[in-house]
Amino acid sequence: MVVQSFNYVRTEMEAEAPAPGTSVGFVGWMRKNLFSTPGNSLLTVLGVLLLVWAVPPLYNFLIGKAVFIAENGETCRVEGAGACWAFIWARINFFIYGFYPMEEQWRVNICFVLGIILIVPLLWLDLPGKVLNAILFFVIYPIVAFILLNGGIFGLQSVPTENWGGLTVTLIIGITGIVVSLPIGIVLALGRQSNLPVIKTLSIMFIELWRAVPLITVLFMASVMLPLFVPTGMTVDKLLRALVGVSLFSAAYLAEVVRGGLQALPRGQYEAASAMGLNYWKSMLLIILPQALKHVIPGIVNSFIALFKDTSLVSIVGIFDLLQTVQSSSSDLKWAGPHQAITGYIFAAMVFWIFCFSMSRYSIFTERRLDTGHKR
Amino acid sequence: MAAQDSERAPAPQTSFFNDPVIRGRIYQLIVALVVLVFFWFIAQNTAENLARQNKTTGFDFFFATSGFDIFFTLIPYSRASEYWQAFVVGLLNTLLVSLLGIIFATIWGFILGIARLSSNWIISRLAVVYIETLRNIPLLLQLFFWYFAVLKAMPSVKQSFIFFGEFALNNRGLNIPRPVFDDKFFLVVIAIVVAIAGGIVLAKWARKRLEATGQRFPTLITSLAVLIVLPAIVWLISGTNVGLDVPKLAGFNFKGGISLPPEFVALLVGLILYTSTFIAEIVRSGIQAVSHGQTEAAAALGLKEGDRLRLVVIPQAMRVIIPPLTSQYLNLTKNSSLAAAIGYPELVSVFMGTTLNQTGRAIEVVFVTMMVYLTLSLLTSAFMNWYNARVALVER
């Protein structure tokens with residue numbers, strides 16, 4: 001055998017060849033994400049067929065053939081017409097303010113603006129002055145808003161709660177529920193963790209009872225039984241009854257969320273707090289709760305989303321919230337038409353969706369921002 | 001906090017009020033007193049208000065004639081029946097819609113959850129859009145939508161939508177065929193029971209053999225085969241006839257088959273579509289909670305793709321999935337009470353609605369209704385605790 005020797009040695013690297021055209025760019029992405037296996041290809045085809053089947057009619061109904069401007073239901077009743085947005089536009093005042101007197105609606109608007117001014121910096125995590133901001137929003141704002149909306153003093157015309165309605169009432173119930181139920185929920189959670197048997201038992205009973213029953217029974221109870229509970233001659237405002245029901249109900253759910261945060265804290269934190277000589281309330285307020293609440297912000301926001309969606313239930317006990325205004329308008333004869341009700345529901349759904357979806361996005365954002373732990 | 005180390009030398013004498021044990025007792029006494037006074041106050045007011053309104057109390061109304069009709073009942077009920085029968089009708093209707101809702105929402109939710117994790121871009125996007133849309137819209141609004149905007153807007157009986165040949169959908173509800181069994185059908189039922197029992201025995205035997213010898217037996221396929229073949233043979237030999245009672249247009253309405261009122265269909269559809277979005281998210285997080293290392297470890301042990309899922313990933317994912325899934329089932333049951341808004345006669349609507357209005361016994365009715373839901377909830381959590389204890393991670 002002759003050993004041949006080659007004295008060819010490459011000295012420089014061969015330039016990288018481009019990846020095959022089928023594995024990069026749009027084609028590559030399609031091969032990877034849409035057609036990786038025969039089964040996947042079939043699913044892709046089915047998905048595209050579903051889109052082709054569903055999207056054009058939806059587009060036509062919502063935008064393409066929809067009626068945006070009309071004097072009355074005449075234009076909406078035309079064969080083949082889509083959603084009747086003109087109907088929403090004509091009733092928008094009712095949907096937002098309910099029966100609130102037209103000339104007093106600036107008061108509601110001021111409440112909206114004040115609320116936005118206070119809530120934006122509260123949600124903006126980098127801004128300082130959170131304590132002051134929180135006091136303003138959670139304590140001062142409800143009082144100011146109540147005085148503004150209810151009137152009766154400072155020369156403001158009195159507007160009884162029966163006239164409140166629409167989105168205003170939905171937001172009032174939502175915000176009051178959040179403001180009232182969070183502190184009660186925290187106290188209940190601490191009570192459940194307490195080692196004083198009486199307090200612990202009472203907290204558990206309250207939480208479990210409220211969590212076991214549907215909100216609608218709580219609202220029924222609030223509307224038929226609260227009037228029996230108060231001294232004779234005293235009447236409880238209808239809206240207040242619903243507020244009590246919603247707040248207590250939501251507090252029980254929040255209590256369980258907060259308890260999750262309390263249990264997630266390592267024992268060492270509790271022991272360190274007592275080692276520092278802090279008493280119970282100081283150690284809770286300064287050491288335990290700030291950490292525990294941070295853990296459960298997503299859970300708290302989820303409860304708020306549930307609470308906000310649940311506000312629609314007050315329509316069952318006869319309060320004119322957003323859903324009820326939409327529901328009652330859907331039999332408005334002036335706008336009668338085949339798509340009147342459905343347009344109303346889509347409008348209400350969009351309003352609720354915008355609020356709930358932004359809350360859930362915000363919760364995801366804070367979860368990422370506050371995740372100072374060890375992330376692999 | 002209470003002192004825990006009573007074994008040690010007595011703590012230095014502090015003033016009476018600073019002793020945590022004594023202070024704890026005082027606090028509890030105060031709280032208990034406040035609660036008692038509060039309830040006494042309420043009871044007092046209630047008694048006074050009731051006396052003023054000349055109302056009587058007691059549960060005797062349960063045995064009075066109800067005098068109202070319910071259009072959808074599972075047990076015989078008429079206007080001459082008593083209130084307790086109306087209560088049972090409502091309870092059964094709640095249980096019926098909850099049970100059906102739970103079954104379908106679980107199936108649809110698992111499909112959606114897996115679709116969301118699919119490597120197929122279009123499928124996972126579609127699942128995300130579906131989930132994020134429906135979970136952020138109040139259920140009550142969705143029920144209104146299905147009931148008032150969809151089902152009530154359906155064509156009249158004469159122009160019903162007919163699909164799959166025999167299903168008819170119109171503004172009076174959904175008519176579905178009903179299977180009719182003749183008297184020999186019980187033989188087939190016996191065959192099915194025998195096949196299921198055989199499957200269980202087979203699974204036990206296969207497991208024992210697997211643990212003893214390491215040899216595996218295709219239990220699932222075998223028992224499925226038995227389950228299909230055995231009843232089929234019995235069916236053919238016995239000559240059982242299973243007919244379909246098909247809904248037919250007769251006069252002004254459909255006759256025959258099962259007629260489901262639109263309230264029921266709207267409630268069921270709404271509950272399924274809404275709850276399935278939450279179940280989908282639970283399933284997704286459950287599957288994602290199983291770390292990739294587990295799959296890799298299973299592959300390193302030489303398990304096939306199917307076995308990896310069946311023996312390693314799914315059992316661990318279920319541990320994460322089951323507790324929130326149970327609470328979704330509870331939520332669905334509680335949410336079925338929203339039917340009161342669209343008029344499906346379930347517990348809240350029949351009992352807290354009509355019965356309360358007719359008898360005026362607010363306290364008794366609210367108490368009984370809440371107790372029903374509390375019992376359902378406690379039973380479910382008892383089951384959940386039992387299951388949790390079974391599957392919980394055994395740590396050293």
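In this predicted model, two helices of chain A make a good starting point. The axes of helix H3 (residues 85–97) of chain A and helix H6 (residues 166–193) of chain A come within 2 Å, crossing at roughly 25 degrees. That angle is why H3(A) counts as roughly parallel to H6(A). On the H3(A) side, the residues that meet the partner helix are Phe94(A), Phe95(A), Ile96(A) and Tyr97(A), and on the H6(A) side they are Gly166(A), Leu167(A) and Thr168(A). Sorted by class, this contact of H3(A) with H6(A) has five nonpolar residues, two polar ones and no charged ones.

Staying with chain A, there is an annotation to place on the fold. UniProt, in an unreviewed entry, lists residues 167–363 of chain A as "domain: ABC transmembrane type-1". Over residues 167–363 of chain A, the chain is 79% helix and 0% strand, and the end C-alpha atoms sit 23 Å apart. Another residue to pick out is Ile135(A), which lies in helix H5 (residues 130–150) of chain A. Is Ile135(A) buried or exposed? Ile135(A) has 11 C-beta neighbours inside 10 Å, so it counts as exposed. Between Ile135(A) and Val257(A), 122 residues apart along the chain, the C-alpha separation is 23 Å.

Now for chain B. The UniProt annotation "transmembrane region", again from an unreviewed entry, covers several stretches of chain B, among them residues 83–115 and 264–283. Residues 83–115 of chain B are 100% helix and 0% strand, with 47 Å between the end C-alpha atoms. Residues 264–283 of chain B are likewise 100% helix and 0% strand, and here the end C-alpha atoms lie 27 Å apart.

Chain B also has some strands to follow, one pairing at a time. Strand S1 (residues 161–163) of chain B pairs with S2(B) in the antiparallel sense over three bridges, and Phe161(B) has Leu169(B) in S2(B) as its bridge partner. Strand S2 (residues 167–170) of chain B is in turn joined by three bridges to strand S3 (residues 173–176) of chain B, the two running antiparallel. A hairpin of two residues links S2(B) to S3(B). Within this pairing, Asn170(B) has Gly173(B) in S3(B) as its bridge partner, while Leu169(B) stands opposite Leu174(B) in S3(B). Leu169(B) therefore turns up in both pairings of S2(B), with Phe161(B) as a partner in one and Leu174(B) opposite in the other. Next along, S3(B) is joined by three bridges to strand S8 (residues 258–260) of chain B, also antiparallel, and Leu174(B) stands opposite Leu260(B) in S8(B). The side chains of S2(B) alternate: Ala168(B) and Asn170(B) point to one face and are buried, whereas Phe167(B) and Leu169(B) point to the other and are not.

Finally, the two chains touch each other. Here 49 residues of chain B are in contact with 46 residues of chain A. The elements giving two or more residues to the chain B side include helix H1 (20–52), helix H9 (305–335) and helix H11 (362–391) of chain B. Which element gives the most to this side? H1(B) does, with 13 residues. By class, the residues on the side of chain B that touches chain A divide into 32 nonpolar, 13 polar and four charged.

Methods:
Residues numbered from 1 in each chain as written. Chains lettered and ligands numbered in written order. Predicted model: local features only at pLDDT ≥ 70, side-chain atom pairs only at ≥ 80, totals over all residues. Axes fitted to C-alpha atoms, helices over the stretch in contact; angles between N-to-C directions. Helix = DSSP H or I, 4+ residues; strand = E, 2+ residues; numbered from the N terminus. Parallel < 35°, antiparallel > 145°, perpendicular 65-115°, else oblique. Contact = placed C-beta atoms within 7 Å. Nonpolar A, V, L, I, M, F, W, Y, C, P; charged D, E, K, R; others polar. Buried ≥ 20, exposed ≤ 12 C-beta atoms within 10 Å, placed from the backbone. UniProt positions renumbered as here; feature names shortened; annotations may be inferred. Pairing = 2+ DSSP bridges.
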